[in-house]
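User: I'd like to learn how to read a few features of a model like this one. Could we start with strands and how they pair?

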Amino acid sequence: MIGVEIAKMLRSRRTWSTILLIDSLPTLVAVLLALTDLGPRPGTGPAFLSAVLTDGTLFPLAALAIVLPLFLPIAVSITAGEAIAGEAQQGTLRYLLVRPVGRTQLLVAKLVSVLVFVVLTILVVAVTAYVVGTLLLGQADVIGGGVTSVSGSQLTTQELALRTLLALGYAMLCMTGVAAIGLFLSTMADSPLGAALGTLTVLISSTLLLTLDAAQSLHPYLPTRYWLSFVDLFRDPILWRDVERGALLQVVYVAVFLGAAWANFMTKDITA
Amino acid sequence: MIRTEGLTKRFGSIIAVDDLSLDVHEGDVYGFLGANGSGKTTTVRMLLGLVLATSGSADVLGHPMPADWRTVLPQVGAMVEGPAFYGQRSGRANLSLLDASGIGGNRHTRAGRVDDVLEQVGLGHVDRRPVRAYSLGMRQRLGLAAALLRVPRLLVLDEPTNGLDPQGIRDIRGLLLALNAAGTTIFLSSHLLAEVEQMCTRVGVLDRGRLVLQERLDVLQRPTGRVQVRTSDAAGVRALLNGAVEGIDGDRLLVRTHDAAELNQRLVGAGIPVLELAPERHSLEDVVLAATSIAPDRELR
């Protein structure tokens with residue numbers, strides 16, 4: 001069943017057009033930077049963007065910082081929102097369940113397929129960004145292989161690669177949190193669009209509350225609070241505090257919303 | 001095959017199915033009749049474990065549902081409220097996908113099984129076209145093919161001939177009767193009296209969530225004790241039989257007698273030309289209408 005769901009996702013035209021769209025923004029940014037050589041001044045704009053002008057190998061991280069706040073969560077919300085509600089709206093849900101496919105099994109298969117989508121999208125973004133970055137922006141220090149960390153010290157290529165992988169993993173975990181919320185709403189809503197919009201509403205509210213000082217006491221618990229903390233992985237030494245909190249928070253979100261999705265789906269009357 | 005006891009489903013304050021006790025025997029073609037909104041679909045969904053009953057129990061193939069769905073559902077083929085498919089894929093791809101989704105879908109024999117069921121429902125020739133380009137009748141056939149994929153012991157069908165042309169209806173009726181003759185029990189939910197009358201051996205009638213009638217079709221269609229006669233000499237018949245004639249409508253008469261042969265003999269013996277003569281039977285329509293009240297969606301609220 002898991003294989004079938006992944007195959008469905010991979011063979012869907014929407015999956016690839018979404019990935020293409022997400023991928024096109026950082027690529028456009030790279031082209032513009034290469035053409036104009038006008039980066040944001042250090043300390044402004046998306047993370048790493050000022051550094052990539054001198055070193056294209058950092059571009060995957062810049063790309064991640066570009067797509068993580070908005071593009072990626074939208075795509076994950078839509079994909080996760082579609083999971084159950086999409087089948088319900090098409091009417092195929094009832095035929096899957098009488099096939100029979102167990103409800104738990106179906107939910108797990110849908111979750112795995114959304115996670116594969118998340119991993120796939122982030123990897124595609126990272127790989128294209130690396131290729132585009134090194135081709136267009138060049139590598140800073142080919143001989144030494146070292147790049148400058150956010151804190152100003154030098155990182156070896158090995159360190160950089162390891163930390164980049166960590167950052168990608170962290171981004172995947174954050175998107176898993178989004179997927180869990182989306183999947184829960186997908187078991188609740190009658191339409192996939194409703195589920196996706198509901199998920200986005202949660203994320204937008206969270207982002208909005210983060211700008212509000214009066215909501216200070218809520219900040220550590222908001223889902224989007226630590227999304228961009230992966231930047232801290234490139235300080236020297238690594239500033240683990242926010243990354244750890246972010247990871248823990250996402251794990252809690254995933255557990256709570258997946259549990260709620262399961263409980264709701266198991267007891268739901270399938271009338272669609 | 002199907003036995004429910006006190007099966008009840010409430011949606012909020014609305015009672016969709018009320019204290020339903022169904023009894024479907026092995027080998028039946030069971031016609032489940034009811035007006036739109038009478039609770040047929042909700043009942044079917046409860047039998048398949050899609051909707052969870054508020055109270056009461058349902059046994060399908062001798063096992064409680066939905067508790068034993070793992071045992072029951074692989075032996076059941078179902079079509080609920082019209083077929084549903086992934087529109088951008090072909091019929092064959094849809095059936096393969098459905099087959100691959102659950103247990104018992106051996107990959108090596110899949111293509112053969114899909115071909116078999118497509119052939120059975122008369123879709124053997126179609127290919128490649130996405131389902132969204134199918135006509136309603138083709139979708140209906142494909143839905144039936146999907147239900148047959150597991151070679152089920154029990155077929156639960158909701159309006160299976162919906163959208164089919166007369167030829168298609170005949171094809172499907174023939175297919176279902178052949179399956180039944182081969183041992184498949186069929187539970188046919190419908191609001192079409194004619195469809196049920198032509199196919200079913202037993203009938204259950206649902207009215208506003210309650211089962212108001214459950215009986216063999218031939219018992220329901222028992223003779224009324226009258227014989228219909230068509231003749232060119234209505235007055236002659238009336239004169240001959242006197243009080244036994246209960247109604248005259250032009251050249252048609254209703255005669256009270258249990259013995260059609262004897263009546264025929266008397267009429268012919270008296271030189272009265274008999275154009276038609278047949279025992280009158282209760283029609284399913286009359287029986288059903290007598291058992292049910294006003295249809296719920298026509299009721300004033």
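User: Which way do strand β4 (residues 29-34) of chain B and β10(B) run, and how many bridges join them?

Analyst: Look at the direction of each strand, then count the bridges. This is a predicted model, by the way. Here β4(B) and β10(B) run parallel, joined by five bridges. To find the register, take B:G31: its bridge partner in β10(B) is B:V203.

User: What does β10(B) pair with in the antiparallel sense?

Analyst: That's strand β11 (residues 210-216) of chain B, over six bridges. One of the partnerships to look up is B:L206 with B:L211 in β11(B). The two strands form a hairpin with two residues between them, and B:R208 in the turn has a positive phi of about 45°.

User: Is strand β10 (residues 202-207) of chain B mostly covered or mostly open?

Analyst: Check burial residue by residue, then sort by side. Mostly covered: six of its six residues are buried. B:R202, B:G204 and B:L206 point one way, while B:V203, B:V205 and B:D207 point the other way.

User: Where else can I see a hairpin in chain B?

Analyst: Try β1(B) and β2(B), which have two residues between them; B:G12 in that turn has a positive phi of about 65°. Strand β1 (residues 2-11) and strand β2 (residues 14-20) pair in the antiparallel sense over four bridges, and B:F11 has B:I14 as its bridge partner.

User: How do I read a nonpolar core?

Analyst: The general idea is that nonpolar side chains tend to be buried together in soluble globular proteins. In this model the largest nonpolar core has 148 residues, and those with the most contacts inside it include A:V52, A:L64, B:A145 and B:F187. A second, separate core has seven residues, among them B:V227 and B:L267.

User: How many residues does each chain put into the contact?

Analyst: Chain A gives 17 residues and chain B gives 19 residues. On the chain A side, helix α6 (residues 92-98) supplies the largest share, six residues. By class, that side has nine nonpolar, five polar and three charged residues.

User: And how compact is chain A?

Analyst: Compare its radius of gyration with the globule rule for its length. The radius is 20 Å, close to the 19 Å that the rule gives for 272 residues, so chain A is as compact as a globular protein of that length. Chain A has 10 helices and two strands, and 45% of its residues count as buried.

Notes. Residues numbered from 1 in each chain as written. Chains lettered and ligands numbered in written order. Predicted model: local features only at pLDDT ≥ 70, side-chain atom pairs only at ≥ 80, totals over all residues. Core = buried A, V, L, I, M, F, W, Y, C linked by C-beta atoms within 7 Å. Buried ≥ 20, exposed ≤ 12 C-beta atoms within 10 Å, placed from the backbone. Contact = placed C-beta atoms within 7 Å. Nonpolar A, V, L, I, M, F, W, Y, C, P; charged D, E, K, R; others polar. Pairing = 2+ DSSP bridges. Rg over C-alpha atoms; globule rule 2.2 N^0.38 Å.
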